[in-house]
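Dear colleague,

Here is the structure that I promised to hand over to you. Please open it beside this message, and then read on for what was found in it.

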Amino acid sequence: MKILVTGGAGFIGSHLVRRLIQNRHEITILDNLSTGSLDHLPETGFTFWQMDTRDIAIRKKVIFAHFDAIVHLAAQTMVDSSIRNPYFDADENVMGTVNVLEAARISGVKRVIFASTAAAYGDKEESLLPLHENLSLTPLSFYGLTKVTVEHYLSLYHTLYNLDYVVLRFANVYGERQGDKGEGGVISIFAKRIAANKNLTIFGDGTQTRDFIYAGDIAEGIIKALVTEHVNNVYNLSTQTEISLNELVRTFGRAVKRTLTPSYTVARDGDIYRSSLSNKKAKKYLNWQPMVTLEEGLRRTVKYFSNESN
């Protein structure tokens with residue numbers, strides 16, 4: 001299959017690209033390198049376009065390339081940045097995506113896979129956990145709103161132009177090559193501090209929960225979405241497991257075979273207390289399930305950052 005991966009030099013993109021190359025797909029990466037890096041990628045096995053998704057020239061390049069599918073990962077992913085600068089957030093996430101969708105429509109791409117987010121749901125009642133795909137979407141940030149907006153664009157592009165799509169709403173993704181920010185950033189921060197033998201700090205009492213999923217499992221979910229017959233649909237990719245930050249620290253300790261004792265500080269305003277996504281639909285229709293345990297994923301992540309610091 002001939003596939004364009006936008007944001008392919010980023011954190012999740014680098015995990016996906018490796019899998020796709022191993023599976024002998026013909027890969028082109030589009031990335032402006034604002035947050036991604038060529039160092040994240042293998043040395044060979046792909047074509048690279050250093051471009052921004054908003055660049056109108058993308059359309060002509062995609063037409064000549066004849067892609068079968070586009071995996072659209074490129075985005076502004078920072079919740080706080082979206083609040084500070086909603087114009088940039090909308091320009092990058094909505095207008096950049098519309099440009100990619102126009103390129104797909106004009107060139108005859110058969111399928112678009114879109115990386116959405118748990119932030120689309122907003123702060124739901126805890127009795128609704130784990131959250132399923134049919135719940136109302138009430139995002140609390142412009143970042144979440146842009147992802148929801150793009151989901152509607154995809155639905156309408158299918159209705160008007162018969163462009164197939166799969167929306168994947170990610171839980172809190174973590175793993176090698178992750179930055180400190182973003183929805184799964186706490187693991188990256190902790191892993192770097194553990195690798196450097198520094199203390200850990202938890203905001204609040206540590207009982208707040210998240211649904212952490214390893215980036216390699218996300219990559220496998222995207223690959224399943226590329227070939228599924230159950231298109232024009234939305235799927236959560238998650239472990240469907242709530243892990244408190246206190247338990248996260250204990251799991252880190254088991255992963256590195258050390259006793260870790262965090263310090264605690266004042267909770268941050270606006271943080272969701274509990275979070276978990278249902279993955280039943282993805283298991284049923286994508287034939288996908290997470291394979292990497294949290295302990296193993298944390299071990300790989302700490303090892304990566306330990307090697308980076310040496």
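**Notes on the model**

With 31% relative accessibility, R54 counts as partly exposed, and this residue is a convenient place to begin. Please keep in mind throughout that the model is predicted.

R54 sits in the loop that runs between β3 (46–49) and α2 (57–65). If neighbours within four places in sequence are left aside, the residues in contact with R54 are F88, D91, E92, M95, G96 and N99. With one of these, E92, the side chain of R54 makes a polar contact of 3.2 Å. You can also find N93 from here, since its C-alpha atom is separated from that of R54 by 9.3 Å, although the two residues are 39 residues apart along the chain.

A second arginine, R169, lies in strand β6, and its relative accessible area is 3%, so R169 is buried, as the cut-off for that word is under 20%. The side chain of R169 is joined to the side chain of Y121 by a polar contact of 2.9 Å, and it also reaches the backbone oxygen of E133 at 3.3 Å. Leaving aside neighbours within four places in sequence, R169 is in contact with a list of residues that includes S116, T117, L137, E151, V234, Y235 and L277.

From there we can turn to the nonpolar interior. The largest nonpolar core has 41 residues, and the members that touch the most other members are V5, L16, V71, L168, F170 and I222. At least two residues of this core come from each of β1 (2–6), α1 (11–22), β2 (26–30), β4 (69–72), β5 (111–117), β6 (164–170), α7 (215–227) and β11 (233–237). Among these elements, α7 gives the most, with seven residues. Apart from this core lies another, of 25 residues, and F67, A104, L154 and V234 are among its members. To look at one residue of the largest core in detail, you could select V5, which touches L16, V17, L20, I27, T28, I29, L30, V71 and L73, when residues up to four places away in sequence are not counted.

Helix α6, which covers residues 185–195, has G185, I187, S188, F190, A191 and I194 as buried residues. Just after this helix, N197 takes a positive phi of about 55 degrees.

On the surface, V79, I83, F142 and L145 make a nonpolar patch of about 320 Å². Two helices, α3 (79–84) and α5 (142–161), each supply at least two residues of that patch. L145 belongs to helix α5, and because its relative accessibility is 42%, L145 counts as partly exposed.

The last part concerns charged side chains, and a search of the whole structure finds 17 salt bridges. In one of them the side chains of E295 and R254 meet, with N and O at 3.6 Å. Because E295 lies in helix α10 (residues 294–309) and R254 in helix α8, this pair ties together parts that are 41 residues apart in sequence. Both residues are partly exposed, E295 with a relative accessible area of 26% and R254 with one of 41%.

Helix α10 also holds pairs of its own. E296 and R299 meet in a salt bridge at 2.5 Å, N to O, and because they are three residues apart in the helix, about one helical turn separates them. E296 forms a salt bridge with R300 as well, where the closest N and O atoms are 2.9 Å apart, and these two residues are four residues apart in helix α10, which is again about one turn. E296 is partly exposed at 27% relative accessibility, as is R299 at 30%, and R300 is also partly exposed, with a relative accessible area of 32%. Seen together, E247, R250, R254, E295, E296, R299 and R300 are linked in a network of salt bridges.

Is T251, a residue of helix α8, buried or exposed? T251 lies in helix α8 (residues 245–256), and it counts as buried because its relative accessibility is 3%. When residues up to four places away in sequence are not counted, T251 touches L294, E295 and L298. E295 therefore appears twice in this account, as a contact of T251 and as the partner of R254 in the salt bridge that ties together parts 41 residues apart in sequence.

With kind regards

Key: Residues numbered from 1 in each chain as written. Predicted model: local features only at pLDDT ≥ 70, side-chain atom pairs only at ≥ 80, totals over all residues. Heavy atoms only, no water. Buried < 20%, exposed > 50% of the residue type's maximum accessible area, 1.4 Å probe, protein only. Contact = heavy atoms within 4.5 Å. Polar contact = N/O pair within 3.5 Å; in protein donor to acceptor, adjacent residues only side chain to side chain. Core = buried A, V, L, I, M, F, W, Y, C linked by side-chain atoms within 4.5 Å. Patch = residues over 30% accessible without salt bridge, like charges linked within 9 Å, V, L, I, M, F, W, Y side chains within 5 Å. Areas by Shrake-Rupley, 256 points an atom, 1.4 Å probe, with all protein chains shown as cover. Salt bridge = Lys/Arg side-chain N within 4 Å of Asp/Glu carboxyl O.
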